Amino acid sequence: MRTAVYPGSFDPATNGHIDVIERALKIFDRVIVAVGDNPGKKPLFTTKERIAMLKESTRHLKNIEVDSFSGLLIDYVKSKNSKIIIRGLRAVSDFEFEFQRALLNRVVDSGIETVFIMTNEHYVYLNSSIIKEMAMFGGSLNDLVPEIVEKKLKEHFSKT
Ligand code: ADP
């Protein structure tokens, strides 16, 4: 069974992330979406909230697990008996960073492969920061994020 790990901040998940997950499930038997528990990043949502939103947004999918990880990604991937890291690619601007990370991971462990998945063209410009900015200013997030994410963002910004 081929298990792939899709790591990220998912703060919060967007339709771009969900699209990458759906595409990955066409290639791999099982996908573990791993929310990075990195307190240094000062996320808007807690790890628990990000996991809950991802679970709700992927309820229609089979063979998926949503988990969190801290520490070295490579160690986490191995602990899950996987050798594959999935990353999404949007524009050229993602390339250099992703290229560096993939090569570094390969130096650390040559058995690990990073697989890049290109998102649907509708989501190419989407990232979690833009979504948070739009939500803060009350913009419509229709078709950009899962329903639960839109709801949680509205709740969050109506409080602040
Ligand atoms: P990180 O902090 O690890 O970059 P993100 O949640 O921002 O976490 O992204 C996780 C992964 O999803 C990255 O590989 C990123 O390139 C990819 N990704 C984010 N948004 C999109 C999108 N709209 N389309 C395709 N891939 C995306």
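Which residues line the largest cavity? I began my notes with that question. The model is predicted, and I read every entry below with that in mind.

**Entry 1: the cavity**

I searched the whole structure and found one cavity of 30 Å³ or more. The volume of the largest cavity is about 50 Å³. Its lining is made by Leu73, Ile85, Arg87, Glu98, Arg101, Ala102, Asn105, Thr114 and Phe116. I then looked up which elements these come from. At least two lining residues each are supplied by β4, α4 and β5. Helix α4 gives the largest share, four residues. I also sorted the lining by class. Four residues are nonpolar, two are polar and three are charged.

**Entry 2: the pocket**

Next I turned to the largest pocket. I noted a volume of about 1100 Å³. How many residues line the largest pocket? I counted 43, and Gly8, Ser9, Lys41, Arg87 and Arg101 lie nearest the centre. The elements that give two or more residues to this lining are β1 (3–8), α1 (15–27), α3 (73–79), β4 (84–89), α4 (92–108), β5 (113–118) and α5 (128–136). Helix α4 again came up: it provides the largest share of the pocket lining, seven residues. By class, I found 16 nonpolar, 16 polar and 11 charged residues in the pocket lining. Arg87 and Arg101 were on my cavity list, and both are among the residues nearest the pocket centre.

**Entry 3: a salt bridge at the cavity**

Two charged names on the cavity list, Arg87 and Glu98, made me check for a contact. Their side chains meet in a salt bridge, 2.8 Å from N to O. The pair links distant parts of the chain: glutamate 98 sits in helix α4 and arginine 87 in strand β4, 11 residues apart. Are these two buried or exposed? Glutamate 98 has 6% relative accessibility, under the 20% cut-off, so I put it down as buried. Arginine 87, at 14%, also counts as buried.

**Entry 4: other salt bridges**

I looked up the total and got 13 salt bridges in the structure. I picked two more to follow.

In the first of these, arginine 23 pairs with aspartate 19, and the closest N and O atoms are 2.8 Å apart. Both belong to helix α1; they are four residues apart, so about one helical turn separates them. I compared how they are covered. Aspartate 19 is buried, at 8% relative accessibility. Arginine 23 is partly exposed, at 27%.

In the next, lysine 80 forms a salt bridge with aspartate 67, with 3.6 Å between the closest N and O atoms. This pair also links distant parts of the chain: lysine 80 is in the loop between α3 and β4, and aspartate 67 is in strand β3 (residues 64–69), 13 residues apart. Lysine 80 counts as partly exposed, because its relative accessibility of 23% lies between the 20% and 50% cut-offs.

**Entry 5: a nonpolar patch**

I moved to the surface. Which residues make the nonpolar surface patch of about 420 Å²? I wrote down Val92, Phe95, Phe99 and Leu103. I followed up on one of them. Phenylalanine 99 is in helix α4. Its relative accessibility is 44%, so phenylalanine 99 counts as partly exposed.

**Entry 6: the backbone**

Last, I checked the backbone for unusual angles. The peptide bond from aspartate 11 to proline 12 is cis, with omega near 0°. I placed proline 12 in the loop between β1 and α1.

I then looked for positive phi values outside glycine. Asparagine 63 has a phi of about 65°. It is in the loop between α2 (47–57) and β3. Asparagine 81 also has a positive phi, near 60°. Where does asparagine 81 lie? I found it in the loop between α3 and β4. That is the loop that holds lysine 80. Asparagine 81 is exposed, because its relative accessible area of 71% is over 50%.

**Entry 7: what I keep**

Helix α4 recurs through these notes. It gives the largest share of the cavity lining and of the pocket lining. It also holds glutamate 98 and phenylalanine 99.

Note on methods: Residues numbered from 1 in each chain as written. Predicted model: local features only at pLDDT ≥ 70, side-chain atom pairs only at ≥ 80, totals over all residues. Heavy atoms only, no water. 1 Å grid on protein atoms, 1.4 Å probe; cavity = no way out; pocket = protein on both sides within 12 Å on 5 of 7 lines; lining within 4 Å. Points joined across faces, edges and corners; volume = space filled by probe spheres on them. Nonpolar A, V, L, I, M, F, W, Y, C, P; charged D, E, K, R; others polar. Patch = residues over 30% accessible without salt bridge, like charges linked within 9 Å, V, L, I, M, F, W, Y side chains within 5 Å. Areas by Shrake-Rupley, 256 points an atom, 1.4 Å probe, with all protein chains shown as cover. Salt bridge = Lys/Arg side-chain N within 4 Å of Asp/Glu carboxyl O. Buried < 20%, exposed > 50% of the residue type's maximum accessible area, 1.4 Å probe, protein only.
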